[in-house]
Amino acid sequence: MSLGEAIATARRARGLTQEELAECLNVTQAALSRYENDLRDPTEEALSEIASALGVVPELLNRADRMEGALAVGAHMRRRATAKPTVWRRLEAQLNLYRLHALRLFDEIGLRTDLSIPALDPLEYNPSSAARILRMQWRMPSGPIHNLCNWMEAAGCLIVDTDFGTSRVDGLSQWSGAHPVIMLNASAPTDRRRLTLAHELGHLCLHSQDISDDVEADATEFAAEFLMPAETIRPQLRNLSLGRLHDLKRLWGVSMQALIERSHQLGLLSPRERTNFYKRFSSQGWRTREPLSDELAQEKPRLAAEIGQALIARGLTDSEAAIICGFSPDNPDNPFLSDASRLRLV
Ligand SMILES: [Zn+2]
């Protein structure tokens, strides 16, 4: 990523137009546009003002070129077709900016993890076998996965909970050097967030380079087998009733609709039975808001906050710790040092 691309990315991540940022910097839009298009390099002083207006340190922008092909490889995003481009483009810019922060940070501090995410060749492994291999590599128990967020953080995934301001985007992910960065919609119900995490995990294992549209079905298949392994769940999905779906949702931490789909995929539910369930769900308004989701144990990412805490524990001041993460000390949107993340650790 060039310096110009980094400036434009940080600006979009903050939801600012060129005009708005130019005004706040007291320069013309044309001048800013030249910086963003790499037609002119800002002076040291100008760069420091740009960075400060965007809540980051100048080195974050200046050394963005170390992120190889970053923008050539876009983000995987779980979103509905109706999501507004202005919204998802801002989210994509935010993810790319977090990737820069992660790159800078993991240069400074080595992150040793117990687990890792393998790159599996999709030509060699179908999504379901990839999911089984990963479960085996991580030595996961065969049943339901408790706290998927924890597992993924143990493998070095930096998960950032964000209020997306829309329910039409669930999450997005991409590698940043050796570690993946995932943004997750903080306002989605737990079962949906878990499905999104498993879906993104599928992309990270199978599609580190490929971001074409036809990988979506693969990530969805991966998520289904990862969260609901056929071998274990099959006997439990026979003769589904509403009561049974409730019990299974509590047990497996996935939506009833995901269970219905799984049952159908495994040939245990006829198309007619599936349609009947969905008709009932629609009439109750459950297609958009299922019951029981609030009862599932919440899964909150902790890794970013733990890294922030570790920096402070090393004797750094808050400002020094913020700068290592690439944020201006006064930027309140720093997931490594936010008040919310500190409280969460208590
Ligand atoms: Zn996807």
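User: What makes 42% of the 346 residues of the protein chain count as buried?

Analyst: Happy to explain! A residue is buried if 20 or more other C-beta atoms, placed from the backbone, lie within 10 Å of its own, and 42% of the 346 residues count as such. Please keep in mind that this is a predicted model, where local features need pLDDT of at least 70, side-chain atom pairs count only at pLDDT 80 or more, and totals for chains, interfaces and linings use all residues. Residues are numbered from 1 along each chain as its sequence is written.

User: Why does the radius of gyration of the protein chain agree with a compact globule?

Analyst: The rule for a globule is 2.2 Å times the number of residues to the power 0.38, and the radius is taken over C-alpha atoms. For 346 residues that rule gives a value near 20 Å, and the protein chain has 22 Å, so the two agree. Along its principal axes, the C-alpha trace spans about 70 × 40 × 40 Å.

User: What makes the largest nonpolar core a core, and which residues touch the most other members?

Analyst: Such a core is a set of buried Ala, Val, Leu, Ile, Met, Phe, Trp, Tyr and Cys residues joined through C-beta atoms within 7 Å. The largest one holds 88 residues, and Leu-61, Met-152, Ile-159 and Leu-227 touch the most other members. Helix α6 (residues 85-108; a helix is a DSSP run of H or I, at least four residues, numbered from the N terminus) gives the most to this core, with eight residues.

User: Which residues does Leu-61 touch?

Analyst: Leaving out residues up to four places away in sequence, Leu-61 touches Leu-3, Ala-6, Ile-7, Ala-10, Leu-47, Ala-51 and Val-56. Contact here means C-beta atoms, placed from the backbone, within 7 Å.

Terms used: A residue is buried if 20 or more other C-beta atoms lie within 10 Å of its own, exposed if 12 or fewer, and partly exposed in between; C-beta atoms are placed from the backbone. Helices (H or I, at least four residues) and strands (E, at least two) are DSSP runs, numbered from the N terminus. Two residues are in contact if their C-beta atoms, placed from the backbone, lie within 7 Å.
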